[in-house]
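Proteins are rarely packed without gaps. Take a look at the model below and keep one question in mind: where is empty space left inside?

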Amino acid sequence: MLKKKPLSNEDFLRHVRDYLPMDATVWNTDEKGKPCSCAITTGMIENHFYRFDAEAVLAASHAIEELALEEANGFLLATMQDFRHFDPHRERYWQLAATLKEAHVIAKGRKPPRHGHLRFIATERQPLAPFWTVLYQGHHCQAMLVCRQADGAKIFEQKRFDGFYTFNPGLIVRVRRDIGEILAGRASRMREFERLLAIDRAAKRLGAEFARGHKAVEGALRRLQIAGDRYQPRRFAADLEKSLNRLKLLTDKLPNLAGAAHTRLAA
């Protein structure tokens, strides 16, 4: 049984590793959303966007499903793109249906018959088509993985997804609400996902620029140390001012970046 305490990042990643094949990959992404380094070796944290391969998506999904089985109460929702992807997970979801108060699986295609507390919802709504989501809302534990396909692969095992995981109840409620709004025809996109993606890329862009500014200042200090008379103090001052001005321009952008992210949510 899980202890009655908030789920920690370390606990969740231990669950993920139980299902993660040796050749599965998760990439860190840069300010443009491009894969840039291995996230498994550097350490993953919640509420950060990553590029997942299909095996990693399944491992994180199974970790959340396992948490639901262990806690044995609450609600689970999964969006699986197509009901063809459900077949390999049928037995696990039969277990969930016998354990939880309610579980929903949303996808396109021919839906299986209802099984106990497990309800299947068929949809052709385009805003949900690229998403793979597993969210669990229990009495003591909440967790969610939400990913959007990032390539055009047709075979599931070849697909790549951009997304994040979280234990934040508020984020989970808002994503669940967006899914419900799309199913009801009252929304045309996953607004919370887009808002969080905009914030994530803005944060990475700012982080990259701050790192470049810090490197430039550090380089100027080193030249001042070793270049002697060849690097005059006035040139050092000019280089330093240039770097600081660049950083100031970035900090001036912060309100606009935050405003743009909230505009996406309100639109």
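The largest cavity has a volume of about 60 Å³. Keep in mind that this is a predicted model. Rolling a probe the size of a water molecule over the atoms shows where empty space is left.

**The cavities and the pocket**

How many cavities of 30 Å³ or more are there? The count is two. The second largest has a volume of about 40 Å³. There is also a pocket to consider, and the largest pocket has a volume of about 260 Å³. Of the 14 residues that line this pocket, Q81, K108, A129, Q149 and K159 are the closest to its centre.

The table sets out the lining of each space by class.

| Space | Nonpolar residues | Polar residues | Charged residues |
|---|---|---|---|
| Largest cavity | ten | no | no |
| Second largest cavity | three | two | three |
| Largest pocket | three | five | six |

Which residues line the largest cavity? They are F12, L13, V16, L20, V26, M44, F52, A56, A60 and Y165. Two elements, α1 and α3, each give two or more residues to this lining. Helix α1 gives the largest share, three residues.

The second largest cavity has another set of neighbours. T29, G33, F49, Y50, D162, L197, D200 and R201 line it. Here the largest share, three residues, comes from helix α6, which spans residues 191-226.

**Helix α1 and its cover**

Helix α1 runs over residues 9-19. Which of its residues are buried? They are N9, D11, F12, L13, H15 and V16. An α-helix has 3.6 residues a turn, so residues three or four places apart point the same way. The cover over the buried residues of α1 includes α3 (54-71) and β9 (160-166). F12, L13 and V16 also appear in the lining of the largest cavity.

**The nonpolar cores**

In soluble globular proteins, nonpolar side chains tend to be buried together. The largest nonpolar core in this model has 44 residues. Inside it, F12, F52, L76, Y93, W132 and L145 have the most contacts. Helix α3 supplies the largest share of this core, ten residues. A second, separate core has 21 residues, including L128, F131, L135 and M190.

Take Y93 as a close-up. What does it touch, leaving aside neighbours within four places in sequence? Its contacts are E65, L76, A78, M80, F86, V105, L118 and V134. L76 is another of the core residues with the most contacts.

**A loop that meets a distant stretch of chain**

T25 sits in the loop between α1 and β1 (26-29). T25 and D53 are 28 residues apart along the chain, yet 5.7 Å separates their C-alpha atoms. Not counting residues up to four places away in sequence, T25 touches I40, R51, F52, D53 and A56. Two of these, F52 and A56, also line the largest cavity.

**Cysteines**

A disulfide is a covalent bond between the sulfur atoms of two cysteines. How many disulfides does a search of the whole structure find? The search finds zero. Are C36 and C38 buried or exposed? Neither word fits. C36 has a relative accessibility of 47%, so it counts as partly exposed. C38 is partly exposed too, because its relative accessible area is 29%. The cut-offs behind this are under 20% for buried and over 50% for exposed.

Conventions: Residues are numbered from 1 along each chain as its sequence is written. This is a predicted model: local features need pLDDT of at least 70, side-chain atom pairs count only at pLDDT 80 or more; totals for chains, interfaces and linings use all residues. Side-chain values use heavy atoms; hydrogens and water are left out. Buried means under 20% relative accessible area, exposed over 50%, partly exposed in between (1.4 Å probe, protein chains only). Helices (H or I, at least four residues) and strands (E, at least two) are DSSP runs, numbered from the N terminus. Contact means heavy atoms within 4.5 Å. On a 1 Å grid over the protein atoms alone, a cavity is a set of points where a 1.4 Å probe fits but cannot get out, and a pocket is an open set with protein on both sides within 12 Å along at least five of seven lines; lining residues have an atom within 4 Å of a point. Grid points are joined across faces, edges and corners, and a volume is the space filled by probe spheres set on the points. Ala, Val, Leu, Ile, Met, Phe, Trp, Tyr, Cys and Pro count as nonpolar, Asp, Glu, Lys and Arg as charged, and the others, Gly among them, as polar. A nonpolar core is a set of buried Ala, Val, Leu, Ile, Met, Phe, Trp, Tyr and Cys residues joined through side-chain atoms within 4.5 Å. A disulfide is a pair of cysteine sulfur atoms within 2.5 Å.
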